[in-house]
Amino acid sequence: FSCSLSDLLCSFLGLLYQEYRDKSTREEIETRRLQDSQTDPEETSPSEETPSEAESTSTTENKAPGQINLLRNSNSRFNLWQDLPEVQNSGVLSILQPDEIKLQEAMFELVTSEASYYKSLNLLVSHFMENERLKKILHQSEAHILFSNVLDVMAVSERFLLDLEQRVEENIVISDVCDIVYQHTVNHFSVYITYVSNQTYQERTYKQLLQDKPAFREVISQLELDPKCKGLSFSSFLILPFQRITRLKLLVQNILKKVEEKSDRESTALDAHKELETVVKACNEGVRKMSRTEQMISIQKKLEFKIKSVPIISHSRWLLKQGELQQMNGPKTSRTLRTKKLFREIYLFLFNDLLVICRQIPGDKYQVFDSAPRGLLRVEELEDQGQSLANVFILRLLENADDREASYMLKASSQSEMKRWMISLAPNRRTKFVSFTSRLVDCPQIQCVHPYVAQQPDELSLELADVLNILDKTDDGWIFGERLHDQERGWFPSSMGEEILNPKIRAQNLKECFRVHKSDDSQRRKLGSRNRQ
């Protein structure tokens, strides 16, 4: 079975990585829609697989390539493992069990998608970075910020792809790929952390160059129009490494869901997933660290303390939410409720470990009149109190700046804003659909069908095909969810997703989630018992 790197690139991948990623996730969405509409779970396995995989395993008989058409059309050469002539001619498709064919497809997708990614990285370097006109326009420091260590990233991808390719060449039936993923993640993938941590500088520099240098803007526009870019923007090439390291983790998760339980392949998949999770978290932390530091410095400059001053800037502190609320004054009588003076404006800065309560004063400044550790906050919703007390909740500070208990009756501008504040202020409070102490409840689920970029610190950015548990929702169109593949939580508009209605599919999604993260859970249990000792 001979398949060189150039063969992979030329024969299988007419697609740039951006096209592959978009196509793959959209097919994943369609598969889930199909599964969700079926009443009998045996009709199709409700795992996170592409339609191509579901189609490929509906029979153990050898199939003609023409029958597999969900991922292929006249404009695409996106191929499957079973489409390989060597596989078609070998007869293995009539011997292998359906589950093993699914696993082969999942491993093969990891290989071919890496080839597609390498192709796109190569285009970023050869077409953009090494363009002579662009080199003359950019100062050396600007070019360094814009392209960072992309050459290191590309070299790592090439080495990784060569090892994957060698494994594919060894046998028609791929033995494993997660052992290779593990080795490369541990030994080489730190280059991704360097690249992604530079993202904030990179975005800022790119926007500044577009604004300040017309020649740069013109050259970039011309390069983007080249047919080899297939209508894709320069910025879509710059974010490739971050997208890839996240996607690679999901591809390993997909393999993990298909390997035999308690097998060697499950063990290597769990190890690879754990190491990738570490790299992805370090990438996320690298991006956040820089923007958080700048934000904390900016907030510190705006605060004036009426009470004893609290040092705001700390390497372990970051902003969770800020905004204006109405504080209720005076006795709760029907006469007072009719006057607008019942409420006065206050401004809250909520950090991961501290709440600061202020009033806005002239000059874009805030006067701090109370504060409390976040762990000593409690919230309580006021229900059925009439229109005047709609969206009102009680905030209790068990120990405020004067070392006393204090209560504030606060009114939000909408139901969603009230719930968002309540969950941010007291994150372990029980939500509408699930208790935070139990994750075994069949709470509602949603899959993302439109990508979303978070606009506030308490919001969650969504990628196509993300599946989330719905922890809470509001009447005005917001959902508080927990993404299954990484347990990240946050708010997003309900219009970004479609609810998964089939309880069997929801149960399967949770089962797969627990399986993927069982090594993390066992590690947490070990740490817990060690801490108790």
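Two bridges join strand β2 to strand β8, and the two strands run antiparallel. One spot where this pairing shows up is Q326, whose bridge partner in β8 is K411. It's worth remembering from the start that this is a predicted model.

Moving on to the other partner of β8, strands β7 and β8 also pair in the antiparallel sense, this time over six bridges. Here L397 stands opposite A406 in β8. Strand β8, which covers residues 406–411, is mostly tucked away: five of its six residues are buried.

These strands belong to a bigger picture. The model has an open sheet of eight strands, and reading across it gives the order β1-β5-β4-β3-β2-β8-β7-β6, with mixed pairing. At the edges sit β1 (303–305) and β6 (377–381), each of which pairs on one side only. From one strand to the next, the twist averages 40°.

Over at the β1 edge, the pairing is of the parallel kind: β1 lines up with strand β5 (residues 365–373) over three bridges. In this pair, E304 stands opposite Q367 in β5.

Helices lie across the sheet as well. Helix α15, made up of residues 264–302, lies across β1, β2 (319–328), β3 (343–351) and β5. Its direction makes an angle of about 45° with β1. Helix α17 (residues 415–425) lies across β2, β3, β4 (354–361), β6 and β7 (392–397). Measured against β2, α17 runs at about 120°.

How confident is the predictor in all this? The protein averages a pLDDT of 84, and 81% of the residues score at least 70. Among the elements of the protein, helix α9 (residues 178–187) has the highest mean pLDDT, at 98, while helix α3 (residues 51–56) has the lowest, at 36. Over residues 41–78 the pLDDT is below 50, though this stretch still has 95 contacts in the model beyond near neighbours in sequence. A second stretch, residues 332–338, also stays under 50, and for these residues the model has seven contacts beyond four places in sequence. Where pLDDT is low, the predicted coordinates shouldn't be read in detail.

Definitions and conventions
Residues numbered from 1 in each chain as written. Predicted model: local features only at pLDDT ≥ 70, side-chain atom pairs only at ≥ 80, totals over all residues. Heavy atoms only, no water. pLDDT = per-residue confidence, 0-100. Helix = DSSP H or I, 4+ residues; strand = E, 2+ residues; numbered from the N terminus. Contact = heavy atoms within 4.5 Å. Pairing = 2+ DSSP bridges. Axes fitted to C-alpha atoms, helices over the stretch in contact; angles between N-to-C directions. Buried < 20%, exposed > 50% of the residue type's maximum accessible area, 1.4 Å probe, protein only.
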